[in-house]
Each structure stands twice: as C-alpha cells, then as structure tokens.
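Me: I should like to go through several side-chain interactions and one sheet of this model. Please reason each answer through.

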Amino acid sequence: MLHLAATDGLNLVDNNWHHLTIQWTKPATNSNLGTITYKYDDKNPDGTPTNSTKTASTVIDTNQFKSTDVKLYWGFTGSTGKYTENNLLVFESLPSFVDAQATSDIHNDTENTEVKAGGHVNANDDITYNYNLKYIGWTREWTNIKTRMQVPQNMTFTSGEINYANGKKETIPDSVFADTTDPGHLNYQLLQTLNKDNRTATISLHGKAAKTTTSTLTVPSAHAHFDGDNLITDTDAPSFVIDPKSITLESSTPYIIKVKKGEDAQIKAHVNYLGSSTVDLTKLTVYQKIGSQDYIAQKGLIDTAGDFTLNIPNSQLNESSTPVSFYVKDDSGILGQTNTLERTIQFGGTVSFGEVSSNVKFQNINFGNKNKLIPRIDDWNVRVIDSREKGASWIVQASASQLINSATKKPFDGNLIFKETPDSHPINLNNVTNIAQYTKTDDSTETNNITLPWTNQNGILLSLDNNVSPAGQYNGVISWTLLDSIANQ
C-alpha cells in the first residue's frame, strides 16, 4: 500500500473516540481520476464541531481497481505488531444505505425577519429555531429519528411542532419542554419516517430572547443532533446578539389579518416593561403608520397592564392589502422606544411570496467537467405565505435566462434545469416550468419554503453541455411566478 495522504502524529490508542469523515468525489466524465478526502477529529463525540480538525486528500486512479461491476469493497485495517487491543468503529452514515442532511435557520417572529449569524434581535422578541431535515435517497428509509436539540444561553423555548413533506403535522408535547433529565437540551423522537415519499421534516421550536435592559447579550451557536437507526447527522444554528430594551412590544395577532368588506381591523398588542422599578405604562404613546401615511401619535391608548388595541378603520384600507406598522415610545426619553411591529391587512386573505433569495449560486466548476449536473451552494429561500382558507392551492413556476460571462459577455455552455426528484427527468428552465405546488390543510396562515425538499440531486441545478466554457463568472436571472391556482392532479 502506498499511503500518499498519510498524516503523522495522530493518536488512535488514547482510549477516546475520534470522529472521521470520508468523502469520495467520483471522476469527471471521460476521466478515471477521483478524489478521496478525509477529516479526522472534526467532531466531538456529541457531534459538536472541534477546533482541531486534520484534513488530507489524494487522487485515486479508478483504473487500478479492475472492478467488473463498478463497485468496490472498502473497510479499515491496522497493525499493532506483537501487541493486541480492541479497536471499535461506529458508523454514523453510509450513503449507499441512507443519505440525508440537516440545516438550520432562525426567524424573529416579532419583527418577521430572518436572524443571520451575528445578527441582532431585541430583548424579549419571539424567536423560532427551524431545523430542516432532508432525505436524499438510496436504498433504506431514515427511521426512528431521535433529536437532541440544545437550548442556547439567553433563549427559552416553550412550544414546537414538526411539519412533514407529506402535509402531516405533529405537535411536540409540553412534557418535552418541562423535562429536566437532560439540562440544556430538548429530546424528542419523530413519529414519522423520512423516505422518497416523505423527504423533509421541519422541526420548529418557539421561544423568546432573554430580557435585558442595560447590557447586550450573546446567544451562542446551538447544536442539534439527529440519530436514526441507519444515519446520524448534526447541524448548528447560528449565534446572534440580543440588544437591551427597557420596553418591548409584542402582539399575538397574525402577520396577515383577514377582514371582510366594510369591516374595521383590530390589532391587539402588549407593552412589556423590563426594569425593576414601577412605571406608569398609560403615559406611553403609541405611534402607528397605515399604508404610505406618516406615523401618527395616539396617547391614552395603553391601560395599566400594558395592553391596547389598534383600530384600523375600513375607510383607510386598500382594495387588496394594507401594511400597518406601529411602536410605543416614552416621549420623556427615559424608557426609550420599543421595537416596531408590522402587520398586513387583507380582504379575505391572499397568497404571496415572502422571502426570495436575491443572489443564488452554484458550486465552482473545475476544468474537465462535462455532461454533469452542478449542485447549489449556500441557502436558497423561496417562501410562499398563504392566508386563505383550507383547501386553497398555489403553484410556483420558474424560468431562467441564459448565463452570460460578466467579462466577455459570451454565453455559458449549459443551462439551468429542474428535477422534481433525484430520479426524474431534467426539465430545461428556458421555458416556464412548474416547480412546486401545495394545497392548504387548515385555515391558519402558512409559510412554506419550496426549496426545503431540494438536495444536491434535485431541485434547480446547473447542467453542463459538451463544450468547455472559458473560466469566469457567469450571471443570469431566475424569474419566479406564483399562481393562485388549483394544484395539478
């Protein structure tokens, strides 16, 4: 054996577990050279990342294997000389059995915004952590998935639910949030299996940012561990910052408020005072903005408990939808100003795009890659918000322009394509193509990210043609269309 990628100084006999990740990159078309890469000590035994990862890779000539069925046996070996000891292996994942991945994102429900790494929220804001599980495929289902999700410092969670690709929804029991047997973690086993007919599960944990009036607080990265019968994987939610506030504003009224023709809209809200002294909340002023108007001050609206209701007259509502924003302020300047809440008032409910990623990318392409599908990188978000009644349906369509070299202005030899599943036939996005459809299962306002079921083998991908495009950066435009339409049967 010729160990071209050997690494010296690794201690395998210290009575500790050592994590190993091995990645195989198959040869490009018309090539027999693949690459094997390994990462040693990249995770702790609980799945959290380490700061001592050792990485190496080497090129493998597949012609040396002389395989008759394009498959190989692989495994582990070692030598101890005249001494003996037990060496134990535990497999977390074998892609030939089950391939799946986990990602995470955080949503500020109070401000209705995404919380990115290093982002800021206000004290006492309502926060939702989303853990997105994607089943990619192969020969086995991902079964009996147990979750162990860290509760980060300066955050509390009080409820949660799981939404599956098949439309099913399960509520995480209150006992999970009250359990103290594993301090700082939430443990729960999913009731459903992930497979080719039910590819995604989104675990949503709802809670609040800590209260703070004088100092900035940091919410550290939160680790989540997912352990099934035949695959183990992890993800880490990003760290963010809590800004101090003496007074904060919250409302249980949904983001999209549906009213009937000729009816006024009501928005109930509550002011929280986070200090230790006693204050008279009735002296605070509410500032509200309807549509494109300026903010208008309303005094005497808040009661002694901090509760108040905004009445939005029907005469000030537009025919389709009307945005409303409001905040509370201490005009004396002592307590400052709360966060700003935003709501949209609509007649009968609507369906619309929420967050749509403005800049999306694909993996870099190496010389020699031909007739390949290039996967996406980073997070793609295309969210649909539907406030209509149960049974309403929508369809998302997409089309893509030709990719053009930003320097030479010459076209790329390839196209964007869409694959509904890893096994489906690719559809060229030169023409408008249906890429997602959904029918509501209840009357509540729903937000769906159509990219969640996508993997490296399906969704929107970049297809290379036979010719080699000159090196450079190529840009194009994806056009998204949302149809208020009955789903195809």
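Me: Is K43 buried, partly exposed or exposed?
Reply: The model is predicted. K43 has a relative accessible area of 23%. Buried requires under 20% and exposed over 50%, so K43 is partly exposed.

Me: With which residue does K43 form a salt bridge?
Reply: K43 is placed in the loop between β2 and β3, whereas its partner belongs to strand β15 (residues 232-237), so the pair ties together parts that are 191 residues apart in sequence. The closest N and O atoms of the pair are 3.3 Å apart. The partner is buried, at a relative accessible area of 12%. This residue is D234.

Me: Which strands stand at the edges of the open sheet β1-β2-β3?
Reply: The sheet has 3 strands with antiparallel pairing, in the order β1-β2-β3. Each edge strand has a single partner strand, so one of its sides is left without a neighbour in the sheet. The edge strands are therefore β1 (20-25) and β3 (54-61).

Me: Which residue in β3 stands opposite I36?
Reply: Strand β2 covers residues 33-40 and is joined to β3 by 8 bridges, the two running antiparallel. Opposite I36 in β3 stands T58.

Me: What distance separates the closest N and O atoms in the salt bridge of R388 with D386?
Reply: R388 is buried, with a relative accessible area of 6%. D386 is buried as well, at 1%. The closest N and O atoms of their salt bridge lie apart by 2.8 Å.

How values were computed
Residues are numbered from 1 along each chain as its sequence is written. This is a predicted model: local features need pLDDT of at least 70, side-chain atom pairs count only at pLDDT 80 or more; totals for chains, interfaces and linings use all residues. Side-chain values use heavy atoms; hydrogens and water are left out. Two strands pair if DSSP finds at least two bridges between them. Helices (H or I, at least four residues) and strands (E, at least two) are DSSP runs, numbered from the N terminus. A salt bridge is a side-chain nitrogen of Lys or Arg within 4 Å of a carboxyl oxygen of Asp or Glu. Buried means under 20% relative accessible area, exposed over 50%, partly exposed in between (1.4 Å probe, protein chains only).
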